[in-house]
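Here's a quick tour of one protein chain, going from the overall make-up down to a few individual residues. Keep the structure open while you read.

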Amino acid sequence: MAHKSRPLSTAITKLFDIPYPIIGAPMFLVSNENMVVATSNAGGIGTFPALNFRPMENYRKAIQDIKKETTGPFGINIIVQKSNKYQDQHIDIALEEEVPLIITSLGSPRGILEKVKGTKTKVFCDVVGLEHAKKVADLGAHGLIAVGSGAGGHAGDISLFALIPHIKHHIDLPLIAAGSIADGKGLLAALALGADAVYMGTRMIATKESPVSNDYKNAIVHAESEDIVNTDRVDGFPGNFIRTPSLEPLLAANIVDTVLSQNAKVKRWISLFRAGRALLGNHNQKASYKNVFSAGHGVSGIKSIESIEDVIQNTMQEYFELIQKLPQ
Ligand SMILES: Cc1cc2nc3c(=O)[nH]c(=O)nc-3n(C[C@H](O)[C@H](O)[C@H](O)COP(=O)(O)O)c2cc1C
């Protein structure tokens with residue numbers, strides 16, 4: 001497909017043979033085939049969490065449908081934690097279908113890295129700090145995703161301004177920056193800090209292709225950074241959410257939780273239980289990603305619902321214009 005903006009060469013665009021270093025981030029209950037296809041056809045890489053497709057036949061079908069609609073690379077996010085009893089099947093099917101990119105989150109990628117040996121599939125691992133980054137690099141990860149503090153979903157604790165150069169200084173692997181990147185300004189800053197590509201999560205939710213409700217898209221368009229709350233009350237792990245009327249009751253102090261959570265063991269158990277329930281359980285439970293809206297601090301830069309092609313083109317055009325205008 002012909003693209004308007006000129007291409008940009010980085011370690012990641014070269015690795016995947018794509019024109020633009022923009023990855024549509026995998027998002028639970030959001031990323032679907034259309035978003036992946038639109039992102040990959042627009043010159044980036046579309047991705048989705050394997051858990052978005054159940055039962056397993058739907059997961060394989062989604063991969064096959066994507067391959068029919070795009071020749072570009074795409075990726076699948078696999079939760080590599082014991083609580084995900086589907087992970088082996090997710091990996092095996094991804095490898096049978098020759099998926100170009102697997103993104104691991106939450107646990108150790110050891111098993112996946114063993115299995116991909118001898119295949120063309122690349123494995124990139126989510127990291128929020130140097131310790132985990134070193135571990136996955138030693139295990140043979142092909143690349144890293146540095147998730148900073150302002151990201152949508154379960155964000156890290158460290159500002160991307162510090163995290164990218166910190167990891168890059170110690171580990172010489174292709175690096176994707178994740179957190180609050182929604183336009184050419186964010187792309188330019190991330191590349192200047194040492195990243196080789198950017199994730200766009202929240203920006204991609206407010207697009208024409210995204211399957212979420214208009215309420216969710218409009219909440220992103222109208223929110224400012226100050227409206228983002230970091231709370232573990234939705235699924236047990238600290239995550240970033242837009243302060244909306246549906247979120248308020250969850251934020252109100254719950255005396256039972258407060259008392260129980262003073263015991264570290266009980267607190268951990270509650271967290272794991274909630275996280276497992278949110279990822280693997282009933283999508284219709286009261287607090288789920290369907291009625292509370294996760295988004296990153298970058299919401300203030302998102303003022304309209306656009307097509308994914310426009311998001312990527314506008315980002316690239318802004319990037320090239322900004323480079324000309326930087327103080328010399
Ligand atoms: C609604 C939502 C769901 C998410 N689900 C996942 C997920 O299932 N797996 C994952 O690795 N990251 C998940 N993330 C995090 C994104 O992949 C990405 O790191 C983040 O959106 C980047 O920050 P940004 O939203 O500020 O662009 C999710 C983020 C959001 C907003």
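## A buried phenylalanine

This is a predicted model, and a good place to start is Phe-74, which sits in strand β3 (residues 74-79). Its relative accessible area is just 3%, so Phe-74 is buried.

Who keeps Phe-74 company? Leaving aside residues up to four places away in sequence, Phe-74 touches Val-36, Ser-40, Ile-45, Gly-46, Ile-63, Ile-66, Lys-67, Val-99, Pro-100 and Leu-101. Take Val-36 from that list: 38 residues separate Val-36 from Phe-74 in sequence, yet their C-alpha atoms are 6.9 Å apart in space.

## The chain as a whole

Zooming out, the protein chain has 14 helices and 10 strands. Of its 328 residues, 53% are buried. If you take the contacts between residues at least 6 apart in sequence, 63% of them join residues at least 24 apart.

## α3 and its two partners

Helix α3 (residues 56-69) packs against helix α4 (residues 87-96) at an angle of about 30 degrees, and the axes are 10 Å apart. Angles under 35 degrees count as roughly parallel, so that label fits α3 and α4. The crossing of α3 past α4 is right-handed. On the α3 side you'll find Met-56, Tyr-59, Arg-60 and Ile-63, and they meet Gln-89, His-90, Ile-93, Ala-94 and Glu-96 of α4. Sorted by class, this contact has five nonpolar, two polar and two charged residues.

Now look at α2 with α3. They too pack at an angle of about 30 degrees, with axes 10 Å apart, and the crossing is right-handed. Glu-33, Val-36, Val-37 and Asn-41 of α2 make the contact with Ala-62, Asp-65, Ile-66 and Glu-69 of α3. Here the split is four nonpolar, one polar and three charged. Two of these names should ring a bell: Val-36 and Ile-66 are also among the residues that Phe-74 touches.

## What covers α14 and α10

Helix α14 (residues 308-325) makes a nice sanity check on helix geometry. At 1.5 Å a residue, its 18 residues should span 26 Å, and the end C-alpha atoms are indeed 26 Å apart, so the two agree. Which residues of α14 are buried? They are Ile-308, Val-311, Ile-312, Gln-313, Thr-315, Met-316, Tyr-319 and Phe-320. Their cover includes β1 (22-24), α2 (33-41), α8 (184-193), β8 (197-200) and α9 (202-205).

Helix α10 (residues 214-222) has its own buried set: Tyr-216, Lys-217, Ala-219, Ile-220 and Val-221. The cover over these residues includes α9 and β10 (239-242). So α9 turns up twice, as part of the cover for α14 and for α10.

## Backbone oddities in the loops

A few loop residues deserve a click. Arg-54 and Pro-55 are joined by a cis peptide bond, with omega about 0 degrees. Pro-55 lies in the loop that runs between β2 (46-49) and α3.

Then there are positive phi values in residues other than glycine. Asp-17 has a phi of about 55 degrees and belongs to the loop between α1 (11-16) and β1. Is Asp-17 buried or exposed? With a relative accessible area of 69%, Asp-17 is exposed. Glu-98 also has a positive phi, near 55 degrees, and is found in the loop between α4 and β4 (101-105). Its relative accessible area is 65%, so Glu-98 counts as exposed as well.

Methods
Residues are numbered from 1 along each chain as its sequence is written. This is a predicted model: local features need pLDDT of at least 70, side-chain atom pairs count only at pLDDT 80 or more; totals for chains, interfaces and linings use all residues. Side-chain values use heavy atoms; hydrogens and water are left out. Axes are lines fitted to C-alpha atoms, for helices over the stretch in contact, and angles run from 0 to 180 degrees between N-to-C directions. Helices (H or I, at least four residues) and strands (E, at least two) are DSSP runs, numbered from the N terminus. Angles under 35 degrees count as roughly parallel, over 145 as roughly antiparallel, 65 to 115 as roughly perpendicular and the rest as oblique. A crossing is left-handed if the near helix is turned anticlockwise from the far one by less than a right angle, and right-handed if clockwise. Contact means heavy atoms within 4.5 Å. Ala, Val, Leu, Ile, Met, Phe, Trp, Tyr, Cys and Pro count as nonpolar, Asp, Glu, Lys and Arg as charged, and the others, Gly among them, as polar. Buried means under 20% relative accessible area, exposed over 50%, partly exposed in between (1.4 Å probe, protein chains only). The expected span of a helix is 1.5 Å times one less than its number of residues.
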